Amino acid sequence: MRLPLLLTILFFSGYAQAQFWSTASTGFPTTSTGISRFDIVDANIAWGVGYNGINPANNIQQFSKTNDAGLTWTDGVFSLGNVGLGIAQISALDFQTAYVAAYPRNAMQTGGVWKTTDGGTVWTKITSTQFTDGSSFPNTLQFYNNGDGVVMGDPIANVWEIYTTTDSGTTFTRVNSANIPVPLTNETGYLAQLENVGNSLWFTTSTGRIYHSTNRGLNWVVYQSPVSDFGGTAISADLTFSDATKGVMQTNAGLIYSTQDAGATWSQVTTSGTGNPFRDNIAYIPGTNSLVSVGSDPAFAGSSYSNDDGATWTNIDAIQHVDVAFFNDTNGYSGGFTQNSQTGGVFVSSSSVLSSGEFAFAKAIQLYPNPALNQLNITTEDSILQLELINLSGQLLKIFPSTRTVALDGIASGMYLLKITTDKGTQTLPFLKQ
């Protein structure tokens, strides 16, 4: 899970994602605020961390949460006593209780772990961990409902700084160095790059290694991955696991690797299909063979899915998505950007395509080239009955002849939706007119 790119593509109305994603408002008061680093508690409750979508370097301390499966969201502020601290990751237990890891953004700040028990109104610093100076702070954290928790930071004096608790953070014990493989020279972890399934945890490093625990952080082993860095500017990758042993890695070059032994060994997956993975973030639907991939790069934005562990891909849309997380095959979220405090900000999974194949109709239709200059082509095996050009406000602009080639002469540059009605149904897809 990496810091997302800034917002550079216009917002879409709900038409474009109606077959897979619906849109909801995060409630963030500022236009172009994004949301990422979701933590899903159950089928109804999830929390996410806000960030500045115009310039992610401009720090904000905001969160939004839902308790009705994403239908409505409530925003709030991480009141940590220092507005300059960056937010690394959130781990929630329910709608009222959550923990947040914060990191210093300059030498005069001290990071650490804060807890709320009133839904985010008050955040209290947990002082039993020892993140006490600018070179010591938590990258990731995971808490459990029975009081267990684990917090992980970069190496200090050549030992990873990892703490565990069994009493919800009242006391912490630092994990013995003998239980953690020694870091390599200059090796560090990354903010929010943590995967957890049951008692298993994985965090990734700047040398392309994966640290793995099967007992909630008490003991660790380390594996070398196929990449040399999980969060570099040139090379990066994202991990996701379906269960305690089966996982997938997606690189920023669009490569997919799979593991069947919890990350100890990896095999490259040959990908095919009408779509492609989108290189930024990827998430398994837990306990299944289904994956969703998203991307926010303006030159390669969108979302897609695979129902065979990453071998075959189908594109969903060409819209910027930042981060993705799923609880099951019908409960999942992806980050978007606010249009205002009442509109937009988060994509919510709105179909059961990942388990039932209901998205077969969407598979059959593709638009190319996209972006398009003078002509837009439609690929489908179905009979086209009507083509309608719609703007991002939902207004009908033009009805085209029922062909597989759309002439864009006279259409101004910008983002549009093409509503395609066939003998099998109706689908609305986004495209960019250059």
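This passage walks through the pockets, cavities, nonpolar cores and three individual residues of a predicted model.

The open spaces make a convenient starting point. The largest pocket has a volume of about 780 Å³, and 33 residues line it. Of these, Asp39, Ile40, Gln142, Asn196 and Phe326 lie nearest the centre of the pocket. Several strands contribute to the wall: β2, β6 (86–92), β10, β14, β18 (237–241), β23 (281–284) and β27 (322–328) each supply at least two lining residues. Among these strands, β27 gives the most, with five residues. Sorted by class, the lining of the largest pocket comprises 21 nonpolar, seven polar and five charged residues.

The second largest pocket holds about 550 Å³ of space. Its lining is made up of 24 residues, and Ala301, Asp317, Ala318, Asn370 and Pro430 are the ones nearest its centre. Here the strands that each supply at least two residues are β26 (312–317), β30 (366–368) and β36. The largest share of this lining, five residues, comes from β36. By class, the second largest pocket is lined by 18 nonpolar residues, five polar residues and one charged residue.

Enclosed space is also present, as the structure holds two cavities of 30 Å³ or more. The second largest cavity has a volume of about 50 Å³. Its lining consists of Asn139, Thr140, Met152, Gly153, Trp160, Gly189, Tyr190, Gln193, Phe203 and Thr204. Strands β10, β11, β14 (189–197) and β15 (200–205) each give two or more residues to this lining, and β14 provides the largest share, three residues. Four of the lining residues are nonpolar and six are polar, while no charged residue takes part. Two of these strands have already appeared above, since β10 and β14 also supply residues to the lining of the largest pocket.

One residue of this cavity lining deserves a second look. Thr204 belongs to strand β15 and has a relative accessible area of 4%, so it is buried. Beyond its sequence neighbours up to four places away, Thr204 touches Thr188, Gly189, Tyr190, Gln193, Arg209, Ile210, Phe230 and Leu239. Three of these partners, Gly189, Tyr190 and Gln193, are themselves among the residues that line the second largest cavity. For a sense of distance, the C-alpha atom of Thr204 is separated by 15 Å from that of Ile282, which is 78 residues away along the chain.

Turning to the packed interior, the largest nonpolar core contains 17 residues, and Ile378 and Leu418 touch the most other members. The elements that give two or more residues to this core are β31 (375–379), β32 (384–390), β35 (414–422) and β36 (425–433). Strand β36 thus links two parts of this account, as it also contributes to the lining of the second largest pocket. Leaving aside neighbours within four places in sequence, Leu418 is in contact with Leu367, Leu376, Ile378, Leu387, Glu388, Leu389, Phe400, Val406, Gln427, Thr428, Leu429 and Phe431. Apart from this core lies another, of 16 residues, including Val49, Ala92, Ala98 and Trp123.

Two further residues offer a view of local surroundings. Thr33 is found in strand β2 (residues 33–40), and its relative accessibility is 4%, which means that it counts as buried. A polar atom of the Thr33 side chain lies 2.8 Å from the backbone oxygen of Thr30. Outside the stretch of four places on either side in sequence, Thr33 touches Phe28, Tyr51, Gly53, Ile60, Gln62, Gly336, Phe337 and Thr338. By contrast, 33 Å separates the C-alpha atoms of Thr33 and Gly273, which are 240 residues apart along the chain.

Asp148 sits in the loop between β10 (138–143) and β11 (149–156). With a relative accessibility of 18%, Asp148 counts as buried because the cut-off is under 20%. The Asp148 side chain makes a polar contact with the side chain of Arg216, at 3.1 Å. When neighbours within four places in sequence are set aside, the contacts of Asp148 are Phe143, Thr165, Thr166 and Arg216. The two strands that flank this loop, β10 and β11, both give residues to the lining of the second largest cavity.

Terms used: Residues numbered from 1 in each chain as written. Predicted model: local features only at pLDDT ≥ 70, side-chain atom pairs only at ≥ 80, totals over all residues. Heavy atoms only, no water. Helix = DSSP H or I, 4+ residues; strand = E, 2+ residues; numbered from the N terminus. Buried < 20%, exposed > 50% of the residue type's maximum accessible area, 1.4 Å probe, protein only. Contact = heavy atoms within 4.5 Å. Polar contact = N/O pair within 3.5 Å; in protein donor to acceptor, adjacent residues only side chain to side chain. Core = buried A, V, L, I, M, F, W, Y, C linked by side-chain atoms within 4.5 Å. 1 Å grid on protein atoms, 1.4 Å probe; cavity = no way out; pocket = protein on both sides within 12 Å on 5 of 7 lines; lining within 4 Å. Points joined across faces, edges and corners; volume = space filled by probe spheres on them. Nonpolar A, V, L, I, M, F, W, Y, C, P; charged D, E, K, R; others polar.
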